[in-house]
Amino acid sequence: MNTAYIENTAGKGAARYARKRTARGKSVATQPSARRPGWLTYAILAVVFVISVFPLYAAAMYGSSTTTEIARSVGTLPTWLPTVTLLENFGQVFSTEQFSIWLAFGNSLLVATTVSASTVFFATLAGFTFSKLRFRGRQVLYVAVIGTMVIPAQIGTIPMFVMMNEFGWIDSLLALAVPGLIGAFGVFWMTQYLQEALPFELIEAARVDGASMFRIFWSIALPAARPGAATLALFTFIGSWNSFFWPSVVMRSQLTMPLVIPQLRGAFTSDTGLVMSGVFLVAAPLLIVLAIAGKQLVAGVMEGAVKG
């Protein structure tokens, strides 16, 4: 049994554990597939899954009920299976004259895609710089960037709103996209990922071949960071799609998907079933994205944690 292999793939802690088991005369499985999770693991995962999915399921069940049925159901769901009422509420959301849900969908998709692509590019570029380049003030600058993560975003709302107003971007998608083009979390994520995923030997070899620094980043660092970048893109896309506070501050006539929900409430009355149907429609595209990119998300997280 080669503990060096375990150390390279699972970290020093796993290697120490393997040496202790070997010293006690016990075997150590070096292949992940040789050990299957126990029933307790599956039970915990099942509980986490139910807790995570239940709010969305509850939204669908409330959307399948009328206001009277919801008022009568105290302490429980009004129904446990979808009904025709859910489809009727979906139809009302799509056909309402107050707003165009397709336009809101397009706005959210455009902003989320732009922010995700920009964040991945600039965060990977910054991560490559902080993790592989050596220059004066690198550590101080990196700490300063990470330090901005502890500052609540609400503190900068008024200054940011004043800037957007000066630029003439109020009620413009630019006010949603530009402030989110890069974030401290993305820089931190990609810096930590590239520290392990990109060997210095590849960079030195490229320098010997005469490649410029940006060429090294584009041809070597960016492909090496693909799993981590994909995970960051997915996190950023979900965060941008679900953003409600800042769009509610700067948007007037144009809507994003989260801003559709308040529009479904009446001035004096509220159809809870209709509102909850809108909540389900806002979350549905994210379910599709997660279904498509879920495997890439897990791969990115696991590869980023290979060395621990």
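Two helix axes that meet at an angle of 65 to 115 degrees count as roughly perpendicular. Keep that in mind for the first view of this predicted model.

**View 1. Helices α6 and α12 cross in this close-up.** Here we look at α6, which covers residues 101–132, and α12, which covers residues 213–224. Their axes cross at roughly 110 degrees and come within 11 Å of each other. The angle falls in the range just given, so α6 and α12 are roughly perpendicular to each other. Who does the touching? On the α6 side you'll find Phe-121, Thr-124, Leu-125 and Phe-128. Across from them, α12 brings in Met-213, Phe-214, Ile-216, Phe-217, Trp-218, Ala-221 and Leu-222. Sort this contact of α6 with α12 by class and you get ten nonpolar residues, one polar and no charged ones.

**View 2. Helix α7 packs against helix α10.** This pair is made of α7 (residues 138–147) and α10 (residues 184–197). Their axes lie 8 Å apart, and the packing angle is about 130 degrees. That makes α7 oblique to α10. The crossing of the pair is left-handed. From α7, the contact uses Tyr-142, Val-145 and Ile-146. From α10, Ala-184, Val-187, Phe-188, Thr-191 and Gln-192 join in. In the contact of α7 with α10, six residues are nonpolar, two are polar and none is charged.

**View 3. Zooming in on Ile-70, a residue of helix α4.** Helix α4 runs over residues 67–72. Is Ile-70 buried or exposed? Its relative accessibility is 13%, and buried means under 20%, so Ile-70 counts as buried. Now look at who is around Ile-70. Setting aside neighbours within four places in sequence, Ile-70 is in contact with Tyr-62, Ser-65, Pro-78, Thr-272 and Gly-273. Take Thr-272 from that list: Thr-272 and Ile-70 are 202 residues apart along the chain, yet their C-alpha atoms are separated by 7.8 Å.

**View 4. Two stretches that UniProt lists under "transmembrane region".** The UniProt entry, which is unreviewed, gives residues 39–60, 99–128, 140–162, 174–195, 216–238 and 273–293 under that name. Let's pick out two of these. How much of residues 39–60 is helix? In the model, the chain there is 100% helix and 0% strand, with the end C-alpha atoms 30 Å apart. For residues 216–238, the chain is 96% helix and 0% strand, and the end C-alpha atoms are 30 Å apart.

Technical notes:
Residues numbered from 1 in each chain as written. Predicted model: local features only at pLDDT ≥ 70, side-chain atom pairs only at ≥ 80, totals over all residues. Heavy atoms only, no water. UniProt positions renumbered as here; feature names shortened; annotations may be inferred. Helix = DSSP H or I, 4+ residues; strand = E, 2+ residues; numbered from the N terminus. Axes fitted to C-alpha atoms, helices over the stretch in contact; angles between N-to-C directions. Parallel < 35°, antiparallel > 145°, perpendicular 65-115°, else oblique. Left-handed = near helix turned anticlockwise from the far one by under 90°. Contact = heavy atoms within 4.5 Å. Nonpolar A, V, L, I, M, F, W, Y, C, P; charged D, E, K, R; others polar. Buried < 20%, exposed > 50% of the residue type's maximum accessible area, 1.4 Å probe, protein only.
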